[in-house]
Amino acid sequence: SGFKPGLTVQFGKKEVSHIVLDSPTRIRVKTPAGPEGKVDVIVTSEDGKTYVLNDGFTYRSAATESAK
């Protein structure tokens, strides 16, 4: 059980291109760019089982600074 090579991760409809499998219980990903708001995080195991964390990630707008 746990995370195994071959899994996929999506943030909303955007698939993650780089997944680091640290252990059977921990993965790291680089979040793909997305519009501001909440999205589901979807993990699909190597054997096709899908797990969804509804509204599991919130994109926020980048802070901007103005020069005076």
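A residue counts as buried when its relative accessible area is under 20%, as exposed when that area is over 50%, and as partly exposed in between. The legends below describe a predicted model.

**Figure 1. The whole chain is built from strands.** The protein chain has 6 strands and 0 helices. Followed along the sequence, its pattern is β-β-β-β-β-β. Of the 68 residues in the protein chain, 19% are buried. The chain exposes about 5,400 Å², and carbon and sulfur atoms supply 51% of that area. Among contacts in the protein chain with a separation of 6 or more, 33% join residues that are 24 or more positions apart.

**Figure 2. Four strands make an open sheet.** The sheet has 4 strands in the order β2-β1-β5-β6, with antiparallel pairing. Which strands lie at the edges? They are β2 (14-15) and β6, each of which pairs on one side only. Strands β5 and β6 are joined in the antiparallel sense over 7 bridges. Val39 has Phe57 of β6 standing opposite. Asp55 also lies in strand β6.

**Figure 3. Asp55 has an uncommon backbone angle.** Most residues other than glycine have a negative phi. Asp55 is not a glycine, yet its phi is positive, at about 50°. This residue belongs to strand β6. Its relative accessible area is 47%, so Asp55 is partly exposed, being below the 50% that exposed residues must pass.

**Figure 4. Strands β3 and β4 form a hairpin.** Between β3 and β4 there are 2 residues, and the two strands form a hairpin. Strand β3 covers residues 19-23 and strand β4 covers residues 26-29; they pair in the antiparallel sense over 4 bridges. One of the paired positions joins Ile19 to its bridge partner in β4, Val29.

**Figure 5. Asp22 takes part in a network of salt bridges.** How many salt bridges does the structure hold? There are 2. Side chains of opposite charge can pair when their charged atoms come close. In one salt bridge, the side chains of Arg26 and Asp22 meet at 3.1 Å, N to O. In another, Arg28 and Asp22 have their closest N and O atoms 2.8 Å apart. Asp22, Arg26 and Arg28 are thus linked in a network of salt bridges. Are these residues buried, exposed or in between? Asp22 is partly exposed at 35% relative accessibility. Arg26, with a relative accessible area of 48%, is partly exposed. Arg28 is partly exposed as well, with a relative accessible area of 42%.

**Figure 6. The largest nonpolar core has 8 residues.** Its members are Leu7, Val9, Phe11, Val16, Val39, Val41, Val43 and Tyr59. Two elements, β1 (8-11) and β5, give two or more residues to this core. Which element supplies the largest share? It is β5, with 3 residues. Tyr59, one of the core residues, touches Phe11 and Val39. Beyond neighbours up to four places away in sequence, the residues touched by Tyr59 also include Thr31, Pro32, Ala33, Gly34, Pro35, Glu36 and Gly37.

**Figure 7. Thr44 is a buried residue of β5.** Thr44 lies in strand β5. Its relative accessibility is 18%, which is under the 20% limit, so Thr44 counts as buried. Apart from neighbours within four places in sequence, Thr44 is in contact with Leu7, Thr8, Lys49 and Thr50. Leu7 is also a member of the largest nonpolar core.

**Figure 8. Ser45 sits in the loop between β5 and β6.** The loop that holds Ser45 runs between β5 (37-44) and β6 (50-59). Is Ser45 buried or exposed? It is buried, with a relative accessible area of 17%. The side chains of Ser45 and Asp47 make a polar contact at 2.3 Å. Leaving out neighbours within four places in sequence, Ser45 is in contact with Leu7 and Tyr51. Leu7 is among the contacts of Thr44 too.

Definitions and conventions. Residues numbered from 1 in each chain as written. Predicted model: local features only at pLDDT ≥ 70, side-chain atom pairs only at ≥ 80, totals over all residues. Heavy atoms only, no water. Salt bridge = Lys/Arg side-chain N within 4 Å of Asp/Glu carboxyl O. Buried < 20%, exposed > 50% of the residue type's maximum accessible area, 1.4 Å probe, protein only. Polar contact = N/O pair within 3.5 Å; in protein donor to acceptor, adjacent residues only side chain to side chain. Contact = heavy atoms within 4.5 Å. Core = buried A, V, L, I, M, F, W, Y, C linked by side-chain atoms within 4.5 Å. Pairing = 2+ DSSP bridges. Areas by Shrake-Rupley, 256 points an atom, 1.4 Å probe, with all protein chains shown as cover.
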